[in-house]
Amino acid sequence: MPEPRPWTDITPEEAAAQKLNLVVDLTITAPLNEEGERCPWPWEPQQLVGAPLGQYHCPYCGAMVMAGMPHLDYADDTAPAA
Ligand SMILES: [Zn+2]
């Protein structure tokens, strides 16, 4: 079985065009929310560069994320997301 593709290698445009859903597509890695659930579509926060939002809840998985930054991954609280 090939290594899953890192979700961060996929652009938001590609993810939207392919209508990706990482809850069902296990060939791509996904960040986890605080409940340990895979985010179905983690490409929104990174697109909000310059938005006056700061922290907000990802509308797809509910995780607390930062506008303008890649979706946070709560898989391991002891280390920053790779
Ligand atoms: Zn999310």
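## The zinc site

Four donors count as tetrahedral if all their angles lie between 85 and 135 degrees. In this predicted model, the angles among the four donor atoms of the zinc ion run from 102 to 116°, so the site is tetrahedral by that cut-off. For reference, the ideal angle for four tetrahedral donors is 109.5 degrees.

Who holds the metal? Cys39, Cys58 and Cys61 each bring their SG atom, and His71 brings NE2, at 2.1 to 2.4 Å from the zinc ion. Along the sequence, the donor residues follow the spacing C-x18-C-x2-C-x9-H. One pair of donors ties distant parts of the chain together: Cys61 sits in the loop between β1 (55-57) and β2 (64-66), while His71 lies in the segment after β2, 10 residues apart. Both Cys61 and His71 are buried.

## Aromatic pairs and a cluster

There are three aromatic pairs in the structure. One of them joins Trp41 and Trp43, in an edge-to-face arrangement with 5.3 Å from centre to centre and 70° between the planes. Trp41 has a relative accessible area of 14%, so it counts as buried. Trp43 is buried as well, with a relative accessible area of 0%.

Trp41 also pairs with Tyr60, and here the geometry is tilted: 5.6 Å centre to centre, with 45° between the planes. That pair bridges distant parts of the chain, with Trp41 in the loop between α1 (12-17) and β1, Tyr60 in the loop between β1 and β2, and 19 residues separating them. Step back a little and Trp7, Trp41, Trp43 and Tyr60 turn out to form one aromatic cluster.

## A closer look at Tyr60

Is Tyr60 buried or exposed? Neither, quite: at 40% relative accessibility, Tyr60 counts as partly exposed. From its place in the loop between β1 and β2, Tyr60 touches Cys39, Pro40, Trp41 and Glu44, leaving aside residues up to four places away in sequence. Cys39 in that list is also one of the zinc ligands.

Tyr60 and Trp7 are both members of the aromatic cluster, yet their C-alpha atoms are 15 Å apart in space, with their positions 53 residues apart in sequence.

## Two nonpolar cores

Which residues make up the largest nonpolar core? It has nine: Trp7, Ile10, Ala15, Leu20, Leu22, Ile28, Ala30, Trp41 and Trp43. Three of the names from the aromatic cluster, Trp7, Trp41 and Trp43, show up here again. Within this core, Ile10 touches Ala15, Leu20, Ile28 and Trp43, and Arg5 is among its contacts too, again not counting residues up to four places away in sequence.

A second, separate core has seven residues, including Cys39, Tyr56, Cys58 and Val65. Cys39 and Cys58 are zinc donors too, so to speak doing double duty in the lists.

## Tyr56 in strand β1

Tyr56 is placed in strand β1. With a relative accessibility of 12%, Tyr56 counts as buried. What does Tyr56 touch, not counting residues up to four places away in sequence? The list is Glu44, Pro45, Leu48, Ala63, Met64, Val65, Met66 and Ala67. Val65, a fellow member of the second core, lies in the 64-66 span of β2.

Asn21 is another matter: the C-alpha atoms of Tyr56 and Asn21 are separated by 21 Å, with the two residues 35 apart along the chain.

## Lys19 and Thr11

Most residues other than glycine have a negative phi. Lys19 goes the other way, with a positive phi of about 50° although it is not a glycine. Lys19 is placed in the loop between α1 and β1, and its relative accessible area of 72% makes it exposed.

Thr11 is found in the segment before α1. At a relative accessible area of 37%, Thr11 is partly exposed. The C-alpha atoms of Thr11 and Ala75 are separated by 22 Å, and these two residues are 64 apart along the chain.

## Confidence

How sure is the predictor? The mean pLDDT of the protein chain is 92, and 91% of its residues reach 70 or more. Among the elements of the chain, α1 has the highest mean pLDDT at 97, and β1 the lowest at 95.

Terms used. Residues numbered from 1 in each chain as written. Predicted model: local features only at pLDDT ≥ 70, side-chain atom pairs only at ≥ 80, totals over all residues. Heavy atoms only, no water. Donors = N, O, S within 2.8 Å, 3.2 Å for Na, K, Ca; no water. Tetrahedral: all angles 85-135°; square planar, octahedral: opposite > 155°, others 65-115°. Helix = DSSP H or I, 4+ residues; strand = E, 2+ residues; numbered from the N terminus. Buried < 20%, exposed > 50% of the residue type's maximum accessible area, 1.4 Å probe, protein only. Phe/Tyr/Trp six-rings, centres within 6.5 Å; stacked < 30°, edge-to-face > 60°. Core = buried A, V, L, I, M, F, W, Y, C linked by side-chain atoms within 4.5 Å. Contact = heavy atoms within 4.5 Å. pLDDT = per-residue confidence, 0-100.
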